[in-house]
Amino acid sequence: MCSRCHSQAISLAALFACCVITTSSCQREKRDIQPSPTRLAIYGDAARQSTLRPGGPVLPQPVVSNPYNGSAYDISEGQRLYDWYNCSGCHFAGGGGIGPPLIKKEWIYGGEPANLFDTIVKGRPNGMPSWGGRIPEYQIWQLVAYVRSLNGEQPTSATASRQDTIEPNPQNIQNRVPGKTK
Amino acid sequence: MSRWAGLGPVIAALFLTLAACATREQSALDPAGPQSGKIAALWWFFFWLLGVIFVLVMVVMLWTLVRREQTGTCEPKLQRTVTTASVATVIILLVLLVASITAGKATADLAKKPNPLTISVTGNQWWWQFRYLNSDPSQVLTTANEIHIPVGRSILLQGQSNDVIHSFWAPNLHGKRDLIPSRVTTEYIEADKPGIYRGQCAEFCGLQHAHMAFYVIAEPAGKFNAWMQAQLQPSLEPANPVLSQGQRAFLNYACVYCHQVRGTPAAGQNGPDLTHFGSRSTIAAGTLPNTPGNLGGWILNPQRIKPGTKMATVAVKPEDLQPMIQYLESLK
């Protein structure tokens, strides 16, 4: 094999590798084109029943994961809905105001995706309304994905490099790591 | 001559295409207002001027191809040709410059008409919100995707956007005007004759840019005022039990978080105002005719009709769907 053919083969292989690498970004933008308004076995429904039964064994907790974990599209949809459904009215841009902050380590009702879903579906005392049966489940999952992204719990490849809200401290914009707010 | 025989039909087809443009509800070549009249005049001026130049160039080129080669020097001749061509180019450019400045000034001057009707145009992904502004708050009207305007009155459009850059373009009435987030752009339009003019977004704005249309309905002042007064009324109370059931269904589902129906608790501000939904001719920003069948499909699965639309897919129960459709269509 001549050296020229050799280098040609190498560049072809490199080109092919680049094409393959490009496809990996499809995952980031994967969209649920026609989301089903009702999902079966959603955590909210399962969690509505108590895990304790009189005289019986403890029911196993369902293991639930957010179907939109790591999806850039759904995180941004969650961000839109956060304003549309007026989450921002109480929680403000995530820092809290009338309601508690959503950017924090310690969650009263749990910070896992399933807990957040449950909180939105059922509501919580002292003001958090119940959204279960009011808005479609897939949108609740999008909101969960967005709230998790506020806490840096989403892959940085899927989160926006900055928020659309006003940033009071310009240094924060210059120094911040994508996906890690505040 | 058989070589040229095919050219006849091609030219005829070209002219037919142009003729088809002249009678459409969305065409800059069928002007319905002073602004678009100026633009169309400029367009035809350019068309004929450039057409003549094109034909001249073609003739000269053919002539050089077919004429027999001449002997002798041609240097002085060439220099003369270059001079002539340069002068001609400068003259043509000057003529075009004067023509476009004249057209620009002519359209701008229309802003000076007194007492315009002010309409705020807000672009959204992917629909239009129109607000008829008035110093009296009870006379402010919010509607979507369809505006009525009185013939012969100057209309001041104040363009805004809620998300990305859109562009308001009703070719029969005026050129394009971009709607830019966090700023207000203005444009004056006016309709000379009654008619229905279609317009659409002219700046790529995302997935459903192609399905972001609107209608401008120009009508005599009397008819317009009657329309305006009817639209300012709150929505009609349900007239029969089925419509009441439909209203209850509408209020119980997620519809109310985004849509407003004045006269009911539904006060959402994210989507189109539905107070007089039944009086509009299309749904989903000009995507489908407003018929009960289309509306049912749109409510049940908006993502199928307009993939990516911000309208949520809501699980409406079959027994609620028909009354809901009837209720919405009854909101004349």
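Before we start, one convention: axes are lines fitted to C-alpha atoms, for helices over the stretch in contact, and angles run from 0 to 180 degrees between N-to-C directions. I use that for every helix I show today. The model itself is predicted.

Let me use the convention straight away, on chain B. Helix 5, residues 221-232, lies across strand 4 and strand 10 of chain B, and its direction is at about 140° to strand 4.

Now the sheet that those two strands belong to. It is an open sheet of five strands in chain B, the order is 4-10-9-6-7, and the pairing is mixed. Which strands stand at the edges? They are strand 4, residues 146-150, and strand 7, residues 177-179. Each has a single partner strand, so one side of each is left without a neighbour in the sheet. On average, neighbouring strands here are turned by 25° against each other, direction ignored.

Inside that sheet, look at strands 9 and 10 of chain B. Strand 9 covers residues 195-201 and strand 10 covers residues 213-219. They pair in the antiparallel sense, over six bridges. If you want a place to find the register, take B:Gly199, whose bridge partner in strand 10 is B:Phe214.

Next, strand 5 of chain B, residues 155-161. As general background, side chains in a regular strand alternate between the two faces of the sheet. Which residues of strand 5 make up the covered face? They are B:Ile155, B:Leu157, B:Gly159 and B:Ser161. The uncovered face has B:Leu156, B:Gln158 and B:Gln160.

Strand 5 pairs with strand 1 of chain B, residues 117-124; these two run parallel and are joined by seven bridges. In that pairing B:Gly123 stands opposite B:Ser161, a residue of the covered face. Strand 5 also pairs with strand 8, residues 185-189, in the antiparallel sense over five bridges. There, B:Leu156 stands opposite B:Tyr188, and B:Leu156 is on the uncovered face.

While we are at strand 1: a cis peptide bond joins B:Gln125 and B:Trp126, with omega at about -5°. Where does B:Trp126 lie? It is in the loop between strand 1 and strand 2, the latter being residues 127-132 of chain B.

One helix pair from chain B before I change chains. Helix 7, residues 292-300, and helix 9, residues 318-330, have axes that come within 10 Å and cross at roughly 120°. That angle makes helix 7 oblique to helix 9, and the crossing is right-handed. From helix 7 the contact takes B:Pro292, B:Leu295, B:Gly296, B:Ile299 and B:Leu300. They meet B:Leu321, B:Met324, B:Ile325, B:Leu328 and B:Glu329 of helix 9. By type, that contact has eight nonpolar residues, one polar and one charged.

Chain A now. Its secondary structure comes to seven helices and zero strands. Of its 182 residues, 28% count as buried. Taking contacts in chain A between residues at least 6 apart in sequence, 63% join residues at least 24 apart.

The helix pair I picked here is helix 5, residues 113-122, with helix 6, residues 137-150. Their axes come within 9 Å and cross at roughly 125°, which makes helix 5 of chain A oblique to helix 6 of chain A. The crossing is right-handed. On the helix 5 side we have A:Pro113, A:Leu116, A:Phe117, A:Ile120 and A:Val121. On the helix 6 side they meet A:Ile140, A:Trp141, A:Leu143, A:Val144, A:Val147 and A:Arg148. How does this contact divide by residue type? Ten residues are nonpolar, none is polar and one is charged.

Two backbone details in chain A. A:Asn86 has phi near 65°, a positive value in a residue other than glycine. A:Asn86 sits in the loop between helix 3, residues 72-84, and helix 4, residues 87-91. A:Phe92 also has positive phi, near 55°, and is found in the loop between helix 4 and helix 5 of chain A. Is A:Phe92 buried, exposed or partly exposed? With 15 other C-beta atoms within 10 Å, A:Phe92 is partly exposed. A:Asn86 counts as partly exposed on 15 C-beta neighbours inside 10 Å.

Last, the two chains together. Their contact takes eleven residues from chain A and twelve residues from chain B. The chain A side divides into seven nonpolar residues, three polar and one charged.

Definitions and conventions
Residues numbered from 1 in each chain as written. Chains lettered and ligands numbered in written order. Predicted model: local features only at pLDDT ≥ 70, side-chain atom pairs only at ≥ 80, totals over all residues. Contact = placed C-beta atoms within 7 Å. Nonpolar A, V, L, I, M, F, W, Y, C, P; charged D, E, K, R; others polar. Helix = DSSP H or I, 4+ residues; strand = E, 2+ residues; numbered from the N terminus. Buried ≥ 20, exposed ≤ 12 C-beta atoms within 10 Å, placed from the backbone. Pairing = 2+ DSSP bridges. Parallel < 35°, antiparallel > 145°, perpendicular 65-115°, else oblique. Left-handed = near helix turned anticlockwise from the far one by under 90°.
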